[in-house]
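This briefing sets out how protein and DNA meet in the entry shown below. It takes the two DNA strands in turn and closes with a sheet and a helix.

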2 protein chains.
Amino acid sequence: MKNFDLVFKALADPTRREVLRMLSGGERTAGELSDAFELGRPSMSHHFAVLKEAGLVRSRREGTQVYYALDTTVLEDVLARLWDHLGLGEFRKENQP
Amino acid sequence: MKNFDLVFKALADPTRREVLRMLSGGERTAGELSDAFELGRPSMSHHFAVLKEAGLVRSRREGTQVYYALDTTVLEDVLARLWDHLGLGEFRKENQP
DNA sequence: CCCGAATTTCGACGATTTTCGAAATAAGCG
DNA sequence: CGCTTATTTCGAAAATCGTCGAAATTCGGG
């Protein structure tokens with residue numbers, strides 16, 4: 001699978017993993033996310049793009065600002081697949097409400 | 001945790017992930033692993049070193065050849081932690097919003 | 001239609017990574 | 001000790017990545 005590559009590339013950077021972690025608490029604007037790091041806006045925007053291309057986040061525009069949100073489906077799929085792929089026992093995610 | 005970075009860096013390369021996959025079937029010699037790729041031995045040796053530094057594989061020498069084996073403990077830990085860290089569905093415990 | 005705010009795109013630069021060939025190490029064997 | 005096999009270490013080129021400042025885009029409001 002092609003996304004496989006993009007996802008692991010995306011996860012390779014600590015800043016991007018931290019962004020994902022922040023997004024796990026709910027959606028945030030690009031500005032909010034950027035303010036949490038000591039990086040310029042262009043750099044952060046680049047990270048957002050990488051995460052988005054990997055399918056790990058989605059974005060939505062509201063007025064002048066852009067909201068980013070975690071998209072867990074790809075991550076769940078990739079991690080579960082890796083887990084299984086490597087033959088590491090059962091991978092259970094109890095998705096039952 | 002420091003290993004976190006090393007593990008994700010290690011997983012970022014497709015060749016290294018494929019090596020891990022091969023090792024999921026049991027230990028292999030450096031030569032056997034190298035023969036499965038169109039890369040020079042030095043390149044493969046470098047990949048082995050990266051995997052080893054990340055704690056994903058261990059090695060053992062037998063005569064002139066070196067056997068590599070998957071070490072699942074770190075991977076299990078890191079993936080489970082990531083899963084949990086990102087607040088995805090619960091990995092091993094019950095749900096409570 | 002112009003202005004200000006939020007965000008992204010562009011172009012470039014330094015740092016890291018991947019790869020290779022050549023040389024070095026390690027181990028068994030006669 | 002020399003010889004062969006298996007693997008790693010050592011530079012060094014080439015590709016990729018992360019970062020930045022400047023400029024461009026998008027949007028809402030006067």
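Which atom of DNA strand D is 3.0 Å from an N or O atom in the side chain of B:Ser45? In this predicted model, the atom in question is a phosphate oxygen of DNA strand D.

**Surface around DNA strand D**

- Besides the side chain of B:Ser45, which lies 3.0 Å from a phosphate oxygen of DNA strand D, the backbone of chain B takes part: an N or O atom in the backbone of B:Gly31 is 2.8 Å from a phosphate oxygen of this strand, and a polar backbone atom of B:Ala30 is 3.3 Å from a phosphate oxygen.
- The elements that contribute two or more residues to the surface near DNA strand D are α3 (30-35), α4 and β3 of chain B, together with α4 of chain A.
- There are 23 residues around DNA strand D, and those that come nearest are A:Gly40, A:His47, B:Gly31, B:Thr64 and B:Tyr68.
- Sugar or phosphate supplies 75% of the atoms of DNA strand D within 4 Å of the protein, the rest belonging to bases.
- By class, the residues of this surface near DNA strand D are seven nonpolar, 11 polar and five charged.

**Surface around DNA strand C**

- DNA strand C is surrounded by 23 residues, of which A:Gly31, A:Tyr68, B:Gly40, B:Ser43 and B:His47 are the closest; of the atoms of DNA strand C that come within 4 Å of the protein, 74% are accounted for by sugar and phosphate.
- Two side chains of chain B approach phosphate oxygens of DNA strand C, with a polar atom of B:Ser43 at 2.9 Å and an N or O atom of B:Asp13 at 3.5 Å, whereas a polar side-chain atom of A:Thr64 lies 3.1 Å from a sugar or linking oxygen of the strand.
- Two or more residues each come from α3 (30-35), α4 (41-53) and β3 (65-70) of chain A and from α4 (41-53) of chain B.
- The surface near DNA strand C comprises seven nonpolar, 11 polar and five charged residues.

**Sheet and helix of chain B**

- Chain B has an open, antiparallel sheet of three strands in the order β1-β3-β2; β1 (28-29) and β2 (57-62) stand at its edges with a single partner strand each, so one side of each is left without a neighbour in the sheet.
- Two bridges join β1(B) to β3 (residues 65-70) of chain B in the antiparallel sense, and B:Arg28 has B:Tyr68 of β3(B) as its bridge partner.
- Helix α2 (residues 14-23) of chain B lies across β1, β2 and β3 of that chain and runs at about 90° to β3(B).

How values were computed:
Residues numbered from 1 in each chain as written. Chains lettered and ligands numbered in written order. Predicted model: local features only at pLDDT ≥ 70, side-chain atom pairs only at ≥ 80, totals over all residues. Heavy atoms only, no water. Near = heavy atom within 4 Å. Polar contact = N/O pair within 3.5 Å; in protein donor to acceptor, adjacent residues only side chain to side chain. Helix = DSSP H or I, 4+ residues; strand = E, 2+ residues; numbered from the N terminus. Nonpolar A, V, L, I, M, F, W, Y, C, P; charged D, E, K, R; others polar. Pairing = 2+ DSSP bridges. Contact = heavy atoms within 4.5 Å. Axes fitted to C-alpha atoms, helices over the stretch in contact; angles between N-to-C directions.
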